[in-house]
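This briefing covers how a protein meets DNA and how the protein copies are arranged. Please look over the sequence and structure before reading on.

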Protein chains: 2
Amino acid sequence: MTGIGKTTRQRGRDVAEGLATAIHEHRLSPGMKLNEDEVGEIFGVSRTIVRSALQSLSHEQLVVIEPNRGAFVARPSVREAREVFEARALLEPRTAHSAAIRTTARDIALLRGHIDEEHAAIDAGDHGRALRLSGDFHNEIARIANQATIAAFIGQLVARSSLIIALYWRRRQATCESHAHHALLDALEAQDADRAEDLMKSHLVDLVSLLDLTEPADAPSSLKEALGPR
Amino acid sequence: MTGIGKTTRQRGRDVAEGLATAIHEHRLSPGMKLNEDEVGEIFGVSRTIVRSALQSLSHEQLVVIEPNRGAFVARPSVREAREVFEARALLEPRTAHSAAIRTTARDIALLRGHIDEEHAAIDAGDHGRALRLSGDFHNEIARIANQATIAAFIGQLVARSSLIIALYWRRRQATCESHAHHALLDALEAQDADRAEDLMKSHLVDLVSLLDLTEPADAPSSLKEALGPR
DNA sequence: TTGCGATGGATTGTATACAATAATAGCCTC
DNA sequence: GAGGCTATTATTGTATACAATCCATCGCAA
C-alpha cells in the first residue's frame with residue numbers, strides 16, 4: 001500500500017528516512033561521519049541523491065554539514081538540548097489538549113497498538129526500536145490534534161530529542177516512561193483535555209529530569225574526562 | 001563583515017535567500033513557476049545549486065515541488081493559513097514575554113531602527129520592503145528571546161505569513177500595523193513582560209482579522225468569481 | 001466544433017566527470 | 001625521536017551530459 005520502492009518517486013526521501021530511522025534507533029550515534037559514497041552504496045543511489053537527503057536532514061538539524069568536510073550526525077549541545085525541550089514544553093501540552101478533544105476511537109486503538117509495540121520491543125531488548133516508538137507516540141498525538149504545521153515542528157523536536165537522549169541520558173535503563181504514556185492515553189480516551197495537557201506537561205518535565213544537562217559534553221572539559229577510565 | 005559573495009562558501013544559501021527575499025517582498029507571487037534554468041541564469045549558478053536552493057525553500061514550505069513538474073512559489077490554503085497563525089499565536093506571545101525580560105538598550109535601538117526603516121519604506125511607497133521589514137520585526141523579537149530553536153520556527157511562520165498576506169489580505173491598504181509594533185517596543189523597553197505578551201497576542205489576532213479566510217481561494221468557487229469584474 | 005491521439009519541444013531527475021578542498025602519510029631537518 | 005613541511009590520497013563542491021517525464025501543438029476523425 002505504501003508503494004514499492006522501485007517506483008519513480010524521489011528516492012532522496014527514502015534515503016533521508018532510512019538515515020533518520022537509524023538515528024532514532026540509535027544505530028547512528030551523534031558525531032558519526034556520513035560519507036556520501038558509503039551512504040550511496042548502501043542505499044544503491046548516486047551521490048546526488050545522498051546529498052539531497054543529507055541536506056534535508058541538516059535542515060531538520062539531525063545532521064550537521066561542515067563545508068568541505070562533510071556531513072555528521074548532529075551532536076546537540078546542552079544548550080540546544082534545553083532549547084528543544086523548552087520548545088516542546090511550549091507546543092506539546094496545548095497540542096495534547098487539542099488532541100483530547102478530537103480523539104476518536106480509532107485513534108485510541110492506534111495509540112494503544114503503539115504502546116503495545118513499545119512494550120514488545122522493550123521485552124525483546126530492542127531499546128532502539130522502543131525509543132523510536134516512544135517518539136512516534138508523541139508524533140501521533142500531534143497528528144490527532146490536526147494541526148499539520150505544529151505537528152511538523154513537534155516531529156522535528158522529537159527527532160532531535162532522540163539525539164539528545166543518546167547523548168545525555170543518565171542511566172542505561174530502558175525507557176521507563178510507559179506509565180506516562182498510558183496515563184496520557186487514558187486522558188485522551190476520556191477526552192479530558194485539561195488532564196491531557198497537564199499530563200503532557202509533567203511528562204516532559206520528567207523526561208528532562210532524566211537527562212544530565214550539567215556537563216558541556218561538546219568538548220570534554222578536561223583531559224582526564226576525555227581519556228580516563230570510562 | 002558578512003562576507004563578500006565571491007567566497008567559496010555554499011552559494012545555494014545565497015540563491016535561497018535571494019528567492020526568499022523576493023517572496024517576502026511580494027516580487028514573487030504565490031503559484032509562480034520557478035524554472036531551474038531561469039533561476040540559475042539570474043543568479044549565475046548551475047542547476048545543481050538552484051536545485052539545492054529550491055529544496056531548501058520547499059522544506060520551509062515557501063516553495064512546493066511537484067515531482068517532474070517543477071518548483072512553484074507556495075500557495076497556502078485557507079486551512080494552512082489558519083494553522084500558521086495558530087502556531088504563531090502559540091509561540092510568539094510567550095516569546096515576546098521572554099524577550100521583554102532579556103531586552104537590552106542595544107536591542108531597543110535596533111528595533112527602533114527597524115520601525116523607522118519600515119516607515120520610510122511605506123512613505124516611499126515600497127510596500128514590499130515595508131512588509132519584509134515588518135516580518136523582520138517579529139524575527140528580531142524572537143532572536144532577543146534567545147531561544148534559537150523557537151526563533152527558527154517563528155522565522156518559518158513569518159515567512160509563510162508573507163505568502164498568506166499576499167493571498168488573503170483584504171484591502172490594498174498598506175501595513176497599518178505600525179502602531180502595534182510601537183506599543184510592543186514600548187513594552188519591551190519597559191521590560192514589562194506580561195504586557196508584551198498580551199500585546200503580541202492581540203497583535204496576531206488583529207493580523208488574522210485583516211485576512212479574508214472565508215473563501216477556499218485554491219480554486220475559485222465559481223466562474224463568476226474567477227472571471228467577474230475585479 | 002469537439003474530442004482523442006500522436007509527435008516534438010521543453011523541463012526535470014539522475015548519474016557521472018572534473019575541480020577544489022581537506023586529511024593523511026612520508027620525508028627531511030634538527 | 002619530535003616537529004614541521006611537502007606530496008599524495010580521499011572526499012566534497014560544482015557543472016554538465018544523458019535519460020525520463022511532462023506539456024503543447026498539431027492532425028485527424030466523428
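A polar contact here is a pair of N or O atoms within 3.5 Å. By that cut-off, a polar backbone atom of A:Asn68 and a phosphate oxygen of DNA strand D, 3.2 Å apart, make such a contact. The model is predicted.

**Polar contacts to DNA strand D**
- A:Glu36 places a backbone N or O atom 3.5 Å from a phosphate oxygen of DNA strand D.
- A:Arg47 reaches a base instead: a polar atom of the A:Arg47 side chain is 2.9 Å from a base nitrogen of DNA strand D.

**Surroundings of DNA strand D**
- DNA strand D is surrounded by 18 residues. The closest are A:Arg47 and A:Arg51 from chain A, with B:Ser46, B:Thr48 and B:Arg69 from chain B.
- Of the atoms of DNA strand D that come within 4 Å of the protein, 71% belong to sugar and phosphate.
- The surface near DNA strand D consists of 8 charged, 7 polar and 3 nonpolar residues.

**Elements that supply the surface**
- At least two residues each come from strand 1 (33-34) of chain A, helix 3 (47-59) of chain A and helix 3 (47-59) of chain B.
- Helix 3 of chain B contributes the most to the surface near DNA strand D, with 3 residues.

**Arrangement of chains A and B**
- Chain B superposes on chain A after a rotation of 180 degrees with 0.0 Å of shift along the axis, at an RMSD of 0.0 Å.
- The two copies are therefore related as by a two-fold rotation axis.
- Both copies use the same surface, as 100% of the contact residues of chain B recur in chain A.

Conventions. Residues are numbered from 1 along each chain as its sequence is written. Chains are lettered from A and ligands numbered from 1 in the order in which they are written. This is a predicted model: local features need pLDDT of at least 70, side-chain atom pairs count only at pLDDT 80 or more; totals for chains, interfaces and linings use all residues. Side-chain values use heavy atoms; hydrogens and water are left out. A residue is near a molecule or strand if one of its heavy atoms lies within 4 Å of it. A polar contact is a pair of N or O atoms within 3.5 Å; within protein, one must be able to donate a hydrogen and the other to accept it, and residues adjacent in sequence count only if both atoms are side-chain atoms. Helices (H or I, at least four residues) and strands (E, at least two) are DSSP runs, numbered from the N terminus. Ala, Val, Leu, Ile, Met, Phe, Trp, Tyr, Cys and Pro count as nonpolar, Asp, Glu, Lys and Arg as charged, and the others, Gly among them, as polar. Copies are superposed by least squares on the C-alpha atoms of residues with pLDDT of at least 70 in both. Contact means heavy atoms within 4.5 Å.
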